[in-house]
Each structure stands twice: as structure tokens, then as C-alpha cells.
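I opened the notebook to look up ring contacts and one helix. The entries follow in the order in which I made them.

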Amino acid sequence: MVDILHRIATTTATPQAMYDALTTVDGLAGWWTQDTTGDAGLGGKVEFRFPDGGFVMEVEELRPSERVVWRVVDGPEEWVGTTVEWDLRQDGGWTVLLFAHRGWREPVEFMHHCSTKWATFLQSLKALVEGADAAPSPRDVKIDNWN
């Protein structure tokens with residue numbers, strides 16, 4: 001199994017703002033995709049729709065201001081059964097986010113595409129939390145189709 005791993009840091013005083021952006025439908029729609037619906041509470045399912053498809057995540061773990069874990073229950077074959085983990089911590093005046101999309105069976109070309117898109121959307125999350133203009137889908141940075 002292989003994983004996508006990223007790290008970002010924001011100039012926020014506490015991890016709470018980032019946690020809120022990861023655990024509310026409005027927060028998620030503000031940085032990832034505007035077409036977000038569902039229940040972002042523990043055990044809930046959140047649907048994320050994009051122009052070319054989407055995903056359904058089940059919320060497996062919530063630790064306020066510390067950790068969020070989703071399990072992919074619907075979407076592209078390569079995603080189903082993987083987990084998306086968000087670990088937050090305070091480091092001086094910074095909030096640090098360690099991101100992991102774990103459990104890919106193999107590093108297929110689609111994984112390369114997804115790693116790039118995750119990086120793009122993590123920058124959108126950073127912008128949202130820091131009070132700048134975020135770029136959720138469909139306003140995100142476009143990259144070449146992975147096919």
C-alpha cells in the first residue's frame with residue numbers, strides 16, 4: 001500500500017479554524033468543492049461532487065482541534081476503502097496540518113494526479129483559514145486530465 005502525504009502550516013493562533021473548515025459542510029464547501037452535502041458529524045457521510053465525478057466519505061474520527069479521519073465509501077475504484085487523515089497541532093504561532101490519503105493499492109498514474117490536486121486544495125484550505133480567497137472547485141487551479 002502507498003500513501004499521499006502533505007504538510008501545510010497556517011498563521012492562525014489555534015487549530016480550531018482549520019478544524020472547523022474540515023468538520024462542517026460550509027467549511028468544506030469553502031475550500032474543496034462548492035458542491036458539498038451531507039452530515040460531517042461522527043458516523044455521518046459527506047458527498048463531494050466535482051464536474052467530472054465525486055466521492056462519498058464516512059466520518060470515522062473527530063478529535064476537536066486535533067484529528068479528523070474519513071473513509072472513502074464511494075467514488076473512483078482507486079479511492080474506495082482508502083482513508084483521508086488530517087492531524088492538527090499548534091507550533092508557536094502556526095497551526096500545522098499533516099495530511100495523509102492512505103491505503104492506495106499501488107502508485108497508479110491517477111494517484112499522481114490526485115496528489116497534485118490535494119496539494120492545490122490544501123493551499124485553498126490554507127487561504128480560507130488565513131482569511132484570503134480560497135479556490136474550491138469549480139474555481140480551482142486546473143491541471144491536465146490524468147488520462
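How many residues does α3 have, and what does α3 reach from its first C-alpha to its last? I found 21 residues and 31 Å, close to the 30 Å expected at 1.5 Å a residue. The expected span of a helix is 1.5 Å times one less than its number of residues. Helices (H or I, at least four residues) and strands (E, at least two) are DSSP runs, numbered from the N terminus. After α3 I noted G131, which has a positive phi near 85°.

I noted the basis as well. This is a predicted model, in which local features need pLDDT of at least 70 and side-chain atom pairs pLDDT 80 or more, while totals for chains, interfaces and linings use all residues. Residues are numbered from 1 along each chain as its sequence is written, and side-chain values use heavy atoms, with hydrogens and water left out.

Next I searched the whole structure for aromatic pairs and got 18. Rings of Phe, Tyr and Trp (its six-membered ring) pair if their centres lie within 6.5 Å; planes under 30 degrees apart are stacked, over 60 edge-to-face, the rest tilted.

I looked up W32 and F48, a tilted pair at 4.3 Å centre to centre with 45° between the planes. W32 sits in the loop between α2 (25-31) and β2 (35-38), and F48, 16 residues apart from W32, in strand β3 (residues 45-50). Both W32 and F48 are buried (under 20% relative accessible area; exposed is over 50%, partly exposed in between, with a 1.4 Å probe and protein chains only).

I then took F99 and W118: the ring centres are 4.6 Å apart and the planes at 50°, so this pair is tilted. The pair links strand β7 (residues 94-104), which holds F99, to helix α3 (residues 109-129), which holds W118. F99 counts as buried because its relative accessibility is 2%, and W118 counts as buried at 2%.
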